[in-house]
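Okay, thanks for coming, everyone. I'll put the structure up and walk you through a few spots in it.

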Amino acid sequence: MQPDPLTVGFIGAGNMAEAIAGALIRSETCLPANITMADVAPERLKTLAAAYGTKTAADNLAAFAGSAVVFLAVKPQQAAGVLSALAAKPGYAVNRRKRFVSICAGIRIEKIESLLYWPLADSQRRAMPIIRVMPNTPALVLAGMSAMSPNRHTEKEDLRIVGSLLESMGRVLEVDESAMDGVTALSGSGPAYLFYLAEAMETAGRRLGFSPEQSALLTLQTLKGAVALMESSGEAPSALRKKVTSPGGTTQAALDVLEAADVREAVVEAVAAAARRSRELSG
């Protein structure tokens, strides 16, 4: 007997929800007909249905009730209101095992539990594990990094199912929720640090006389190549850096400027600042 196909629902249909749904479809992890999207913008739902063949729901409860895995993909400032409204709806219940996955930055599991569990009996609460996930924007091109933290009702099979969904758009790491602020700072915000470096390199290229297009090409391919080399070599970044740094050479001249400006420590402090802000926002 074949197991029932996995059904996935999305409360919120923004860019990250689209990235996850698109990855599930392209990887053939889920059929479009088994993915349901709910959003306050009907035109957005029409666009996604036309592009991917996903189903749409009239409201959040419909997407919730019809799915074995439910992604909360609204803006963090909207999360409390959306969850409160969902739990207050007539017909809100957990009649089969349901994995509730939040990708809302800064919203702690304890908060989600307080909003979703109060109408439910103990048996229903145990049947709906809550998993907090921090993805990042490279998930849009199937190169994402996601970290997931489960609550006390989460079993190994729940983590396997949710992990397999997240793996369709990149790599996945399970962490304790106490580490989520660090994840947010390092990988969640991390792409912006690389974009910042790319901006600076492109600016330098233009000042050296290259056109904007030439500067962009030189910068992008260099960054792509460096990342590919780190992945394929298995060597530490420090070892690879030393291999391209000849004493008294051009790379050494550049690194001397960075060291004099204490750029390494600035980056470390920047990530720490992001982690502090994440803690502040999550209360």
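So, strand β5, residues 99–102, is covered on both faces. Arg 99 and Val 101 are buried on one side, and Phe 100 and Ser 102 are buried on the other. Keep in mind that this is a predicted model.

What does β5 pair with? On one side of the story there's β4, running parallel to β5 and joined to it by four bridges. If you want a residue to click on, Phe 71 has Val 101 in β5 as its bridge partner. Then there's β6, residues 130–134, also parallel to β5, with three bridges between them. Here Ser 102 stands opposite Arg 132 of β6. And getting from β4 to β5 involves helix α4, residues 76–88: the three together make a right-handed β-α-β unit.

Now the aromatics. How many aromatic pairs turn up in the whole structure? A search finds three. Take Phe 64 and Tyr 92: the ring centres are 5.3 Å apart and the planes sit at 35°, so we call that pair tilted. Phe 64 is in helix α3, residues 60–65, while Tyr 92 is in the loop between α4 and β5, so this pair ties together parts 28 residues apart in sequence. Both Phe 64 and Tyr 92 are buried.

Phe 64 pairs with Phe 100 as well, with centres 6.4 Å apart and planes at 55°, so that one is tilted too. That brings us back to β5, because Phe 100 sits in that strand, 36 residues from Phe 64 in helix α3. Phe 64 has a relative accessible area of 0%, and Phe 100 is also at 0%. Put the ring pairs together and you get a cluster of Phe 64, Tyr 92 and Phe 100. There's a charge here as well: Lys 98 lies over the face of Phe 64, 4.7 Å from the ring centre.

Over to helix α1, residues 15–26. At 1.5 Å a residue, its 12 residues should span 16 Å, and the end C-alpha atoms are indeed 16 Å apart. Is α1 mostly covered or mostly open? Mostly covered, with nine of the 12 residues buried, including Met 16, Ile 20 and Leu 24. The buried residues pack against several elements, among them β1, β2 and β4. Just after α1, Glu 28 takes a positive phi of about 60°.

Last stop, Thr 219 in helix α10, residues 212–233. Thr 219 is at 4% relative accessibility, so it counts as buried. Beyond its sequence neighbours within four places, Thr 219 contacts Ala 198, Met 201 and Glu 202.

Definitions and conventions: Residues are numbered from 1 along each chain as its sequence is written. This is a predicted model: local features need pLDDT of at least 70, side-chain atom pairs count only at pLDDT 80 or more; totals for chains, interfaces and linings use all residues. Side-chain values use heavy atoms; hydrogens and water are left out. Helices (H or I, at least four residues) and strands (E, at least two) are DSSP runs, numbered from the N terminus. The expected span of a helix is 1.5 Å times one less than its number of residues. Buried means under 20% relative accessible area, exposed over 50%, partly exposed in between (1.4 Å probe, protein chains only). Contact means heavy atoms within 4.5 Å. Two strands pair if DSSP finds at least two bridges between them. A crossover is right-handed if, with the strands pointing away from the viewer, the path from the first strand over the helix to the second runs clockwise. Rings of Phe, Tyr and Trp (its six-membered ring) pair if their centres lie within 6.5 Å; planes under 30 degrees apart count as stacked, over 60 as edge-to-face and the rest as tilted. A charge sits over a ring if NZ of Lys or CZ of Arg is within 6 Å of the ring centre and within 35 degrees of the ring normal.
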